[in-house]
Amino acid sequence: MADWKQISGGLVRIAVGSRTNVWGVNAAGNIYRYTNNDASPWAQVPGGLTDIGAGADGTVWGVNSAGNIYRYTGDQESGHWKQISGGLVRITVGSRTNVWGVNAAGNIYRYTNNDASPWAQVPGALTDIGAGADGTVWGVNSAGNIYRYTGDQEAGHWKQISGGLKGIAAGSRTTVWGVNAGGNIYRFANNDASPWAQVPGALTDIGAGADGTVWGVNSAGNIYRYTGDLPA
């Protein structure tokens with residue numbers, strides 16, 4: 001993993017909003033926030049989640065094993081999290097106003113910015129989804145097919161992009177990463193005709209921030225930060 005620096009700790013899911021907004025959950029459902037200090041990298045946050053999403057603006061949402069949805073408030077008295085109605089198994093956060101998720105049946109939902117009626121269903125079916133700070137949204141379905149959200153109703157809202165991935169993360173229009181079922185890592189080349197460039201390494205989950213920050217975890221739960229863009 002020459003392009004990756006291992007960071008101590010163990011996680012199964014990771015989310016990146018920016019260099020300073022990195023969150024993850026471990027196999028037991030414990031929640032951790034990156035401290036911006038590699039010597040002591042993780043601070044545990046109260047609660048239990050199975051998936052988590054972090055935005056560039058500091059927004060954080062999560063879902064637990066029962067499919068309950070929570071938004072991070074940081075308010076210690078309320079237990080740090082506010083439950084939002086609905087049920088999801090995957091959640092992604094680009095910003096406070098760009099939150100998406102998928103449920104166990106593969107249905108896709110977008111946050112309406114109204115907690116009283118929080119979710120609007122979007123046509124399509126996905127198993128993982130990634131939303132960027134600039135409104136970019138990508139997803140993958142159960143067959144590994146890859147889609148970019150266009151919002152174009154006539155085209156079914158989604159454009160298929162060639163390739164096969166199991167997990168996807170979008171920090172922005174130009175920062176899209178994914179992993180396939182074999183653990184191979186791919187970076188979007190900003191060219192739909194030849195969309196993916198393989199990046200050395202092996203991961204099972206990946207997170208990409210709006211500023212280009214990328215983190216991942218492998219099948220053993222090891223945590224890595226991408227350094228391939230940095231000077232040697």
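This is a quick tour of the aromatic pairs and one glycine in a predicted model.

Aromatics first. The structure holds 18 aromatic pairs. A ring pair comes down to two descriptors: the distance of the centres and the angle of the planes. Take W23 and Y72 as the example. Their ring centres are 4.9 Å apart, and the planes meet at 65°. That makes the pair edge-to-face, because the cut-off for this class is over 60 degrees.

Where do W23 and Y72 lie? W23 is in strand β3, residues 21–25, and Y72 is in strand β8, residues 69–72. In sequence, these parts are 49 residues apart, so the pair ties them together.

Now the surroundings of each ring. Is W23 buried or exposed? W23 is buried, at a relative accessible area of 0%. Y72 comes out as partly exposed, with 21% relative accessibility. The cut-off for buried is under 20%, so Y72 misses that class.

There is also a cluster to look at. W4, W177 and Y226 are linked into it by ring pairs.

Next, the glycine. G221 sits in a loop, with β23 (214–217) on one side and β24 (223–226) on the other. This loop residue is buried, at 9% relative accessibility.

Which residues does G221 touch, leaving aside neighbours within four places in sequence? G221 is in contact with G9, G10 and L11.

One distance to finish on G221. Its C-alpha atom and that of G171 are separated by 22 Å. Along the chain, G221 and G171 are 50 residues apart.

To recap the two stops: W23 and Y72 pair edge-to-face, and G221 is a buried glycine in the loop between β23 and β24.

Conventions
Residues numbered from 1 in each chain as written. Predicted model: local features only at pLDDT ≥ 70, side-chain atom pairs only at ≥ 80, totals over all residues. Heavy atoms only, no water. Phe/Tyr/Trp six-rings, centres within 6.5 Å; stacked < 30°, edge-to-face > 60°. Helix = DSSP H or I, 4+ residues; strand = E, 2+ residues; numbered from the N terminus. Buried < 20%, exposed > 50% of the residue type's maximum accessible area, 1.4 Å probe, protein only. Contact = heavy atoms within 4.5 Å.
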